[in-house]
Amino acid sequence: MKLRITIVAILVAIAAVGIIGQTAMNSSATGNASSRLRSSDDVFDGKKIVKSEAEWQKLLTPTEFIVLRKKGTERPYTGALTDNKKAGVYVCAACGLHLFSSKHKFDSGTGWPSFYQVINKKNVDEEVDRSIPDETRTEVNCARCGGHLGHVFDDGPQPTGLRYCINSVSLKFLPAK
Ligand SMILES: [Zn+2]
C-alpha cells in the first residue's frame, strides 16, 4: 500500500515538473528578442519596418542603436560573433531578418565577422558611402528595417570574391537545430 502511494506521488511530481517546464518554455519564447522573429524571416517579403528613432532607441541596446541606426562601427576584435564557428544563421539584431549563413563565414583577420555572400540578395540593400574622404565604400543595410550592418568589399575569397565586413552587434546568431 505504501509503495503504491509512493508511485502515485512520483507520477504526480513528474506531471507537475512537465507542466512547469512547458510554461517556462512558453514564457521564454514570448519574453525575449526571439519573439520579434517571424515566419517571413528567410527571404525579405518587401514589407519594410519603419520606426521612429525614439522607438528604435527603446528596442535596442545603446551599442546596437549607435551601430544600427547611427551607422557606427564597433571596435575590431570586440564583437561576440567575430570568432563564432558554430553552424547556424546570422539574423538582423533589430528585426530578425536572416542575413548570413555560417556556411559563408570566413576568417578575414580584420576583427569583424566576415562573409563572402549573403543568404539572399533581397535581404540587404547596398548604398554608396562617402563618409571617409578618398575612399568610396559600399554600405550594407538590412532590407527590412534599414539597420546599418557594415560594408562589402571586393577583396573576399572565391567563389564570390566579396567580403561582407559586418558589425557583430548588428547580428544575432541562431544555432542550427
Ligand atoms: Zn533588420
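The protein chain holds 3 helices and 9 strands, where helices (H or I, at least four residues) and strands (E, at least two) are DSSP runs numbered from the N terminus. Read from the N terminus on, the elements follow the order α-α-α-β-β-β-β-β-β-β-β-β. The model is a predicted one, in which local features need pLDDT of at least 70 and side-chain atom pairs count only at pLDDT 80 or more, while totals for chains, interfaces and linings use all residues. Residues are numbered from 1 along each chain as its sequence is written.

Of the 177 residues of the protein chain, 29% count as buried; a residue is buried if 20 or more other C-beta atoms lie within 10 Å of its own, exposed if 12 or fewer, and partly exposed in between, with C-beta atoms placed from the backbone. Among contacts between residues at least 6 apart in sequence, 58% join residues at least 24 apart, a contact being a pair of residues whose C-beta atoms, placed from the backbone, lie within 7 Å.

**The two sheets**

One open sheet has 3 strands in the order β2-β1-β9, with antiparallel pairing, and two strands are said to pair if DSSP finds at least two bridges between them. The edge strands of this sheet are β2 and β9, each of which pairs on one side only. The twist from one strand to the next averages 30°, where axes are lines fitted to C-alpha atoms, for helices over the stretch in contact, and angles run from 0 to 180 degrees between N-to-C directions.

Another open sheet consists of 6 strands in the order β3-β4-β8-β7-β6-β5, again with antiparallel pairing. Its edge strands, each pairing on one side only, are β3 (105–106) and β5 (124–132).

Three of the strand pairings are set out below.

| Strands | Bridges | Residues opposite each other |
|---|---|---|
| β1 and β9 | 5 bridges | Tyr90 and Phe173 |
| β1 and β2 | 3 bridges | Tyr90 and Phe100 |
| β6 and β7 | 4 bridges | Glu139 and His151 |

Tyr90 thus appears in two rows, with Phe173 as its bridge partner in β9 and Phe100 opposite it in β2. The strands β1 and β2 form a hairpin with 5 residues between them, and Gly96 in the turn has a positive phi of about 85°.

**The nonpolar core**

The largest nonpolar core has 31 residues, of which Cys92, Leu99, Cys142 and Tyr164 touch the most other members; such a core is a set of buried Ala, Val, Leu, Ile, Met, Phe, Trp, Tyr and Cys residues joined through C-beta atoms within 7 Å. At least two residues of this core come from each of α3 (62–69), β1 (88–92), β2 (98–101), β6 (135–142), β7 (148–153) and β8 (163–166). In soluble globular proteins, nonpolar side chains tend to be buried together.

Leaving aside neighbours within four places in sequence, Cys92 is in contact with Leu97, Leu99, Cys142, Arg144, Cys145, Gly147 and Ser170.

**The helix α3**

Within α3, the residues Glu64, Val67 and Leu68 are buried. These three cover an arc of only 90° around the axis, which puts them on the same side of α3, the arc being that of the directions from the helix axis to the C-beta atoms. The buried residues of α3 pack against β7, and just after this helix Lys71 takes a positive phi of about 60°.

**Two buried loop residues**

Asp41 lies in the loop between α1 (2–31) and α2 (53–59), and it is buried, with 20 other C-beta atoms within 10 Å. Not counting residues up to four places away in sequence, Asp41 touches Val91, Gly96, Leu97 and His98. The C-alpha atoms of Asp41 and Arg144 are separated by 9.6 Å, although these residues are 103 residues apart along the chain.

Cys145 is found in the loop between β6 and β7, and this residue counts as buried with 20 C-beta neighbours inside 10 Å. Once neighbours within four places in sequence are left aside, Cys145 is in contact with Ile49, Cys92, Ala94 and Cys95. A separation of 8.8 Å lies between the C-alpha atoms of Cys145 and Leu97, which are 48 residues apart along the chain.
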